[in-house]
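Colleague: I would like to learn how to read a few features of a protein model, one at a time.
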Amino acid sequence: MSLGDHLEELRQRLIYSILVVSVFMIATLYFGSEIHTFLIQPYKSVLGPDAHFFQIQLMAPFLIYLKTSFILSVLVSLPFLLYILWGFIAPAVDPRTEKWGKFIILFSTLLFWSGLALCWFTVFENFLRVFLVILRPDGVDPYLPIDEYYDLFFNLHLVFGASFQLPIVLILLGRIGILSSRFLISRWREAVLIIAVVSAVLSPGPDVFSMLMLLVPLSFLFFLSAIIMKVLETTDRK
C-alpha cells in the first residue's frame, strides 16, 4: 500500500472511532439524569440523602453533562477503539504478534476497568469521608461545588485505571528485551518499595487505607507480570 492508502485507511478508522463514541454519547446524554443520580451515590452516602451541591459557574451543570457523557462513552467503547486501532497496525506485524496484540487489548481493558471498579467500591467514598467528615473543622459547610465533585471523581478513578496498566507496561518491556522475569523477581523488594512510594503519592487520602488499596493490587500485579513474563520466556525457548 502507498502512503496515501495508509493515510486513507487511518482516516476511515478515525471516522469509525468517532462514530462509535458518538453512539455511546447519545445514549449517555439520553440517560444523563439517571447517570448523575448513580455517580453521586458516594457523596450522599457520606453526607446523607439530603446532601446537595453548589453551582458556582453558570454553565457548570451543562458542561458536566457533556464531560461525563464523553468520558463514559470513551471508557465503555475502549475495547472497540483499541480494536479499530489495532486493525490499522496488524497488517504490519507477523501472525504471532497479531495474536498477542488482541490479547493485550482485552487484558489492558479488563485491567483498566478493574482499577475503576476498585476505586468505586473501596476508595472514593472513603476519600470523601476523610475530607468531608473526619478532617472537616466545626462550622465549615461540607457541601461541594458540582464541578469540583466531578473533577475529583474522574481524576481519582482514572488514576486507578491507569495504574492498573502496570502489567501491560512490564510485559511489553519484557517482550522487547529491556526487562526479564529474573530481573523483576531479583528486585522485588525494590519494586514493592517503589510501588509503596507511588501509592502514597497517588492515593486520594492521607489515611493508610487509601494507600493500601493501591499498594496491594499493584504489588499483586507486579508479581503476576513476572509470572507471565516467565511463562512467555519459557515458551520462546521451546
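Modeller: We shall go through the annotated spans, the nonpolar core and a surface patch.

This is a predicted model, in which local features need pLDDT of at least 70 and side-chain atom pairs count only at pLDDT 80 or more, while totals for chains, interfaces and linings use all residues. Residues are numbered from 1 along each chain as its sequence is written, and side-chain values use heavy atoms, with hydrogens and water left out.

Colleague: Which residues does the "transmembrane region" annotation cover?

Modeller: UniProt annotations, given in the numbering used here with shortened feature names, may be inferred rather than shown by experiment. The unreviewed UniProt entry lists 14-33, 70-91, 103-123, 152-176, 188-205 and 211-232. Helices are DSSP runs of H or I with at least four residues, strands runs of E with at least two, numbered from the N terminus; residues 211-232 are 100% helix and 0% strand, with end C-alpha atoms 31 Å apart.

Colleague: Which helix gives the most to the largest nonpolar core?

Modeller: A nonpolar core joins buried (under 20% relative accessible area, 1.4 Å probe, protein chains only) Ala, Val, Leu, Ile, Met, Phe, Trp, Tyr and Cys residues through side-chain atoms within 4.5 Å. Here the largest has 51 residues, and Phe-124 is one of those touching the most other members. Helix H6 gives the most, with 12 residues.

Colleague: Is Leu-29 buried or partly exposed?

Modeller: Partly exposed lies between buried and exposed, the latter being over 50%. Leu-29, in helix H1 (residues 3-30), has 39% relative accessibility and therefore counts as partly exposed.
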